[in-house]
Amino acid sequence: KRSPEVVQLLRALEVAEVQRTAAFRCPECGDLVKKRPLLRFFSERAEKGGEDNVLLRRFFAQPCHRAWLEPRYHQINDARQIRKELSESVALLEELRDILPEMGSGWHVVDLCCGKALTGGLAALWWPELAVSAVDRLEPRFFPHF
């Protein structure tokens, strides 16, 4: 059994640690985030002309991708399979854009079994007036903060 003094000391240490690392935390959930997530690495590589995937080159050429570099999108911007997932999402949405040029306002995209909702999130970035619903059994703490 812990004494009240030990509990109080541990809580004070926890508060001090959160304050010390505040600049490296997600503003939504408080998780620690990496200073240079994978998406930032791939973005910088694309800016330098080092990206060989044409889908990713087109994605990084659009200014809207910078929103996902923010710490609150850490569930996406540091996902292990971000290159593969992003390539698949860009390919799908580019095809949708080509066959449905009127896509946007008045449309509702439902992203079923979405995982971290990369495709739905990207659709919302490309078409801000679009309604997007993302559905998965993923625990809420693993879901991005859209």
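The following paragraphs go through helix packing, a strand pair with its crossover, and one loop residue in a predicted model.

Helix α5 is a convenient starting point. It spans residues 82–99 and packs against helix α2, residues 38–47, at an angle of about 65°, with the two axes 10 Å apart. Angles of 65 to 115 degrees count as roughly perpendicular, and α2 and α5 are therefore roughly perpendicular to each other. On the α2 side the contact involves Leu38, Leu39, Phe42 and Arg45, which meet Ile82, Arg83 and Leu86 of α5. By class, the residues of this contact are five nonpolar and two charged, with no polar residue.

Helix α3 also packs on α5. The axes of α3 and α5 come within 9 Å and cross at roughly 80°, so these helices too are roughly perpendicular to each other. From α3, the residues in contact are Leu55, Leu56, Arg58, Phe59 and Phe60; from α5, they are Arg83, Leu86, Ser87, Val90, Ala91 and Glu94. Seven of the residues in the contact of α3 with α5 are nonpolar, one is polar and three are charged. Arg83 and Leu86 of α5 thus appear in the contact with α2 and in the contact with α3.

The strands come next. Strand β1, residues 108–112, pairs with strand β2, residues 131–135, in the parallel sense, over five bridges. Within this pair, His108 is opposite Ala131 of β2. Between the two strands the chain passes through helix α6, residues 118–126, and the resulting β-α-β crossover is right-handed.

Helix α6 has a set of buried residues: Leu118, Gly120, Gly121, Leu122, Ala123 and Trp126. The elements that cover them include both strands, β1 and β2, together with α3 (54–61), α4 (74–77) and α5. Helix α5 therefore takes part in covering α6 as well as in packing with α2 and with α3.

The last stop is the loop between β1 and α6, where Lys116 is placed. Is Lys116 buried, exposed or partly exposed? Its relative accessible area is 29%, and because buried means under 20% and exposed over 50%, Lys116 is partly exposed. Leaving aside residues up to four places away in sequence, Lys116 touches Gln75, Ile76, Leu138, Phe142, Phe143, Pro144 and Phe146. Arg58, one of the α3 residues in the contact with α5, is 58 residues from Lys116 in sequence and 21 Å from it in space, C-alpha to C-alpha.

Definitions and conventions
Residues are numbered from 1 along each chain as its sequence is written. This is a predicted model: local features need pLDDT of at least 70, side-chain atom pairs count only at pLDDT 80 or more; totals for chains, interfaces and linings use all residues. Side-chain values use heavy atoms; hydrogens and water are left out. Axes are lines fitted to C-alpha atoms, for helices over the stretch in contact, and angles run from 0 to 180 degrees between N-to-C directions. Helices (H or I, at least four residues) and strands (E, at least two) are DSSP runs, numbered from the N terminus. Angles under 35 degrees count as roughly parallel, over 145 as roughly antiparallel, 65 to 115 as roughly perpendicular and the rest as oblique. Contact means heavy atoms within 4.5 Å. Ala, Val, Leu, Ile, Met, Phe, Trp, Tyr, Cys and Pro count as nonpolar, Asp, Glu, Lys and Arg as charged, and the others, Gly among them, as polar. Two strands pair if DSSP finds at least two bridges between them. A crossover is right-handed if, with the strands pointing away from the viewer, the path from the first strand over the helix to the second runs clockwise. Buried means under 20% relative accessible area, exposed over 50%, partly exposed in between (1.4 Å probe, protein chains only).
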